[in-house]
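Me: Could you take one part of this structure and go through it slowly with me, strand by strand? I am in my first year, so please show how the pieces join up.

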Amino acid sequence: MAVLRDRRSVLALNFLQHFPQSIRESLMADPDFRSFYGLKEYVQLSLGEVPVNRSELFDCIREALADSSAQPTLKDEAGHEWRLELVEIDNQRQVRLSHGESRLLLPDFPALSPDQADRIKRFEREADDVNLPEETTRAWREILTSRALADDEMWALQEEIKETPIRVADAIALAVNTGKGSISTLIPRSERYFERLVGEYRHGQSIADYLQVGVREHIDQLVSWRAYDGFMLSLLLSSHSSISSIIATDHLDEKELIQAYEWLQNEGDRISQIGAVEIGLSILDKRPKIEPYLESIIKTIRDDDPDGQNQFQLMSSLIILVEGELARTKALRGKPVFWRRLASIAHAALIERCIIKSNIDIASFTRRARQARGPLFYIQTIVDLRQEPRWLPEYVLPSQLKAELIGRIVSTAKQNDTKIHTTAMRELIFGEGPESIGRFLKDLSLSLPGPLEGGLESQLEPPAEILRSIEEQLSAKVLPLVWVALGYELLYVVACTRHITSNP
Amino acid sequence: MTLAFQLKTHVRLLILAPENIGPDAEEKYFQWVDEHVLSRIRDENPELYSWIIERIKEIMTQLAEMTLLEELE
């Protein structure tokens with residue numbers, strides 16, 4: 001039997017040579033396939049520019065973790081020998097590989113350690129740092145309590161940690177700052193990541209159920225994890241006003257709240273800023289010290305020229321990029337449109353935070369993003385109209401996004417009228433002067449639905465005079481006018497399509 | 001014949017290099033297939049990619065069993 005198994009292994013290795021590398025890798029990554037043919041796992045890792053066998057690397061690390069004075073030797077794919085040792089740098093244990101003058105530093109992979117206490121302590125710390133879901137943490141803790149991880153498990157644990165908003169944000173920031181990112185670095189294909197970003201969608205939930213139950217559970221978990229960080233992550237979900245209304249600030253002391261608003265004023269993405277303004281207006285009577293920051297954020301939104309190279313352009317391009325890429329990879333296929341849009345807008349906001357901090361050329365980035373995924377975004381949004389008919393593709397344009405945010409500020413301010421006392425703030429929101437956002441109020445675009453409202457009844461009545469004019473024309477039964485309107489709509493759609501997919 | 005069936009047939013043909021083209025040309029052909037065909041299928045149509053992998057497993061099993069039987073005879 002052993003001879004037969006050996007012969008089968010040889011045949012399998014021979015057959016594998018007649019397929020492309022990606023097929024070979026996929027087959028070898030399958031434990032059942034390897035077991036059937038009696039093959040040893042072979043996964044090549046690139047440490048910088050140095051390719052090594054993953055299994056050999058992990059074996060060397062296991063040896064060093066078992067005996068800290070050990071210095072095992074690892075051969076790279078070119079045959080060069082590297083000395084592996086554990087070193088302490090800034091109070092952190094790391095793995096160092098040395099070959100001549102070359103040095104490589106790696107994490108120490110504590111989950112491979114034979115020391116149970118070491119494995120558990122380090123895992124708990126990392127799971128807390130990235131806010132790994134409790135159920136997932138429990139499952140890994142059980143394994144790590146009983147033994148060190150096998151190679152495949154080590155890899156799976158790393159993927160688990162990587163697919164969290166904290167680590168994805170780190171990866172995006174690195175890609176943006178080094179200029180070495182691709183679209184797949186910016187937008188993960190993982191459904192699990194998006195669930196951790198905006199909360200899990202349970203089958204059959206309506207948008208109202210989800211906004212009231214699913215989002216609430218998610219936000220409660222975030223703030224119970226870490227008050228400040230949880231608050232900042234919650235704000236990414238502010239693409240609908242009913243979400244910001246459930247983000248509480250009671251757990252933040254005054255210093256933390258001021259720190260959050262100061263950061264949002266200087267480096268915040270537009271979605272988090274609108275959430276912060278809505279929350280801020282509702283607590284202004286209890287937390288008056290945030291007023292200068294609120295005023296400043298509202299003015300920034302007011303003054304952001306949607307036709308210039310500003311943040312609304314960036315926000316619009318990022319939503320197009322994320323939605324277009326998700327349409328391509330179908331990573332969230334089967335999810336309702338509103339949930340996918342909540343996830344993609346939250347992720348676009350996360351990327352926006354990373355870009356604002358960087359020195360990236362925003363004009364060039366937005367142009368390339370629209371060109372790369374504009375057509376896919378447009379087609380996906382047209383397809384979505386079957387389920388959510390009120391949000392059209394052109395509503396992603398910067399001018400409409402700005403109108404949406406201005407509308408939300410005014411609406412929240414009206415609901416919290418009695419909490420707004422200072423003349424400056426009242427004039428800024430309710431005034432009629434050139435500095436007031438009230439001057440935008442006659443614009444019909446303020447009444448259009450937001451991205452999560454495509455399947456809902458209209459929340460706002462359009463301005464009375466516009467409504468009257470529409471009703472008059474409809475009751476006049478002037479058929480030719482209808483054809484003119486349809487012709488105009490067609491031209492408008494063509495123009496918008498060009499705008500979405502071309503230069504801003 | 002459905003479009004999906006035609007697509008699967010085309011892909012199945014593409015992942016095998018033409019016969020007798022030599023190892024260098026075969027390597028270049030595989031690089032092209034990886035870059036222009038398989039990476040996109042894996043990203044955009046994971047079900048089709050899994051289907052390809054499963055078919056290859058089946059073919060390999062059949063070939064291995066046939067070869068072993070011939071050798072035993």
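Reply: Let us begin with a single pair of residues and work outward, keeping in mind that this is a predicted model. A:Leu74 has A:Trp82 as its bridge partner, and A:Trp82 belongs to β4 of chain A. That pair is part of the link between β3(A) and β4(A), two strands that run antiparallel and are joined by 3 bridges, with β4(A) covering residues 81-89.

From β4(A) we can move on to β5(A), since these two strands also pair in the antiparallel sense, here over 7 bridges. One place to look at this pairing is A:Val87, which stands opposite A:Gln94 in β5(A). The two strands form a hairpin with 2 residues between them, and in the turn A:Asp90 has a positive phi of about 50 degrees.

The next step leads from β5(A) to β6(A), where the pairing is again antiparallel and runs over 6 bridges. Here A:Val95 has A:Leu106 of β6(A) as its bridge partner. This hairpin, too, has 2 residues between its strands, and A:Gly100 takes a positive phi near 60 degrees.

Put together, these pairings give an open sheet of 4 strands in chain A, in the order β3-β4-β5-β6, with antiparallel pairing. Within it, β3 (73-75) and β6 (102-107) of chain A stand at the edges and have a single partner strand each, so one side of each is left without a neighbour in the sheet. From one strand to the next, the twist averages 35 degrees. As general background, the strands of a sheet pair through backbone hydrogen bonds, and they may do so in a parallel or an antiparallel way.

The sheet also has a helix against it: α4 of chain A, residues 54-66, lies across β3, β4, β5 (92-99) and β6 of that chain, and runs at about 45 degrees to β4(A).

Finally, it helps to set this part within the whole chain. The secondary structure of chain A comes to 23 helices and 6 strands, and 50% of its 504 residues count as buried. Its C-alpha atoms fill a box of roughly 90 × 55 × 45 Å along the principal axes. Among contacts between residues at least 6 apart in the sequence of chain A, 66% join residues at least 24 apart.

Definitions and conventions:
Residues numbered from 1 in each chain as written. Chains lettered and ligands numbered in written order. Predicted model: local features only at pLDDT ≥ 70, side-chain atom pairs only at ≥ 80, totals over all residues. Heavy atoms only, no water. Pairing = 2+ DSSP bridges. Axes fitted to C-alpha atoms, helices over the stretch in contact; angles between N-to-C directions. Contact = heavy atoms within 4.5 Å. Buried < 20%, exposed > 50% of the residue type's maximum accessible area, 1.4 Å probe, protein only.
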